[in-house]
Amino acid sequence: MATDRWLGLFFAGFAVLLYAVIVPWQADAVGYGFLRPRTMPRIAAVVIGLCGLILIFRPPGDARPGRFRWGRAAVFAGVLVAGLWAMSHLGFLLVAPPLALAVMLLAQERRPLWLALGAAGVPALIWFAVAVLLDRPLP
């Protein structure tokens with residue numbers, strides 16, 4: 001349980017650093033768009049901080065990690081690198097759905113509804129948040 005609390009403390013501190021230093025430093029102020037560019041990253045920082053606080057005050061207890069498989073982790077990293085390379089050449093809209101599906105299958109998700117939501121819904125939500133709400137281009 002001590003490890004969970006230390007990890008929660010790390011993420012809570014990292015969230016404060018994100019919110020107060022990194023996001024203001026890296027997000028430019030613009031005069032157009034529905035949301036300011038700092039809004040979504042700051043929301044993410046708050047969520048990370050809240051999850052860290054939950055780990056500090058309510059650790060999961062006797063949860064034990066499973067056996068780590070290096071081969072599977074290497075395949076996962078390779079798929080992510082290939083997906084990022086393809087995204088820079090083909091664009092977000094063409095690459096994100098099959099990349100999301102591949103990541104979900106590697107994570108051993110097999111439920112058709114979740115696969116469909118993850119492969120179609122999550123990239124669509126990302127596109128909507130970035131391209132429509134923030135009025136920023138995607139690759």
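In this predicted model, the largest nonpolar core is made up of six residues: Ala 86, Met 87, Phe 92, Val 95, Ala 96 and Leu 99. Two helices, α3 (70-90) and α4 (92-106), each put at least two residues into this core. The largest share belongs to α4, with four residues. One core member, Leu 99, is in contact with Val 79, Gly 83 and Met 87 once its neighbours within four places in sequence are left aside.

That brings in Gly 83, which sits in helix α3. With residues up to four places away in sequence not counted, Gly 83 touches Val 95 and Leu 99. Is Gly 83 buried or exposed? Its relative accessible area is just 6%, and anything under 20% counts as buried, so Gly 83 is buried. For a sense of distance, Gly 83 and Leu 117 are 34 residues apart in sequence, and their C-alpha atoms are 19 Å apart in space.

Now for helix α3 as a whole. It has 21 residues and reaches 29 Å from first C-alpha to last, close to the 30 Å expected at 1.5 Å a residue. Buried in α3 are Gly 83, Ala 86 and Met 87. Looking down the axis of α3, these buried residues fall within an arc of 105°, so they line one face of the helix. What do the buried residues of α3 pack against? The partner is α4. The face of α3 turned away from the buried side is another story: it carries the exposed residues Trp 70, Val 81, Leu 84, Trp 85, Ser 88 and His 89. After α3 comes Gly 91, with a positive phi near 105°.

Past α4, the loop between α4 and α5 holds Gln 108. This residue has a positive phi of about 65°, although it is not a glycine. Most residues other than glycine have a negative phi. Gln 108 has 53% relative accessibility, and exposed means over 50%, so this loop residue counts as exposed.

Helix α5 (residues 112-133) comes next. How well does the span of α5 agree with its number of residues? At 1.5 Å a residue, its 22 residues should span 32 Å, and the end C-alpha atoms are 29 Å apart, which agrees. The helix does bend, by about 30° at Gly 118. That same Gly 118 is among the buried residues of α5, along with Leu 115, Ala 119, Pro 123 and Ala 129. What covers these buried residues includes α2 (39-57) and α4. Following α5 is Asp 135, whose phi is positive, near 55°.

Back at the start of the chain, helix α1 (residues 2-26) has 25 residues. From first C-alpha to last, α1 reaches 33 Å, close to the 36 Å expected at 1.5 Å a residue. Where does α1 bend? The bend is at Leu 18 and comes to about 45°. Leu 18 also belongs to the buried residues of α1, the others being Asp 4, Gly 8, Ala 12, Ala 15 and Val 23. The cover over these buried residues includes α2.

Within helix α1, Asp 4 deserves a look of its own. Its relative accessible area is 18%, and the cut-off for buried is under 20%, so Asp 4 falls on the buried side. Which residues is Asp 4 in contact with, leaving aside its neighbours within four places in sequence? The contacts are Leu 55, Pro 59, Pro 60 and Gly 61.

Finally, there is the database record. An unreviewed UniProt entry places the feature "transmembrane region" at residues 39-58, 70-93 and 113-134. Two of these spans can be set beside the model. Residues 70-93 are 96% helix and 0% strand, and the end C-alpha atoms of this span lie 31 Å apart. Residues 113-134 are 95% helix and 0% strand, with end C-alpha atoms 29 Å apart.

Methods: Residues are numbered from 1 along each chain as its sequence is written. This is a predicted model: local features need pLDDT of at least 70, side-chain atom pairs count only at pLDDT 80 or more; totals for chains, interfaces and linings use all residues. Side-chain values use heavy atoms; hydrogens and water are left out. A nonpolar core is a set of buried Ala, Val, Leu, Ile, Met, Phe, Trp, Tyr and Cys residues joined through side-chain atoms within 4.5 Å. Buried means under 20% relative accessible area, exposed over 50%, partly exposed in between (1.4 Å probe, protein chains only). Contact means heavy atoms within 4.5 Å. The expected span of a helix is 1.5 Å times one less than its number of residues. The bend at a residue is the angle between axes fitted to the seven residues ending there and the seven starting there. UniProt positions are given in the numbering used here, feature names are shortened, and annotations may be inferred rather than shown by experiment. The arc is that of the directions from the helix axis to the C-beta atoms.
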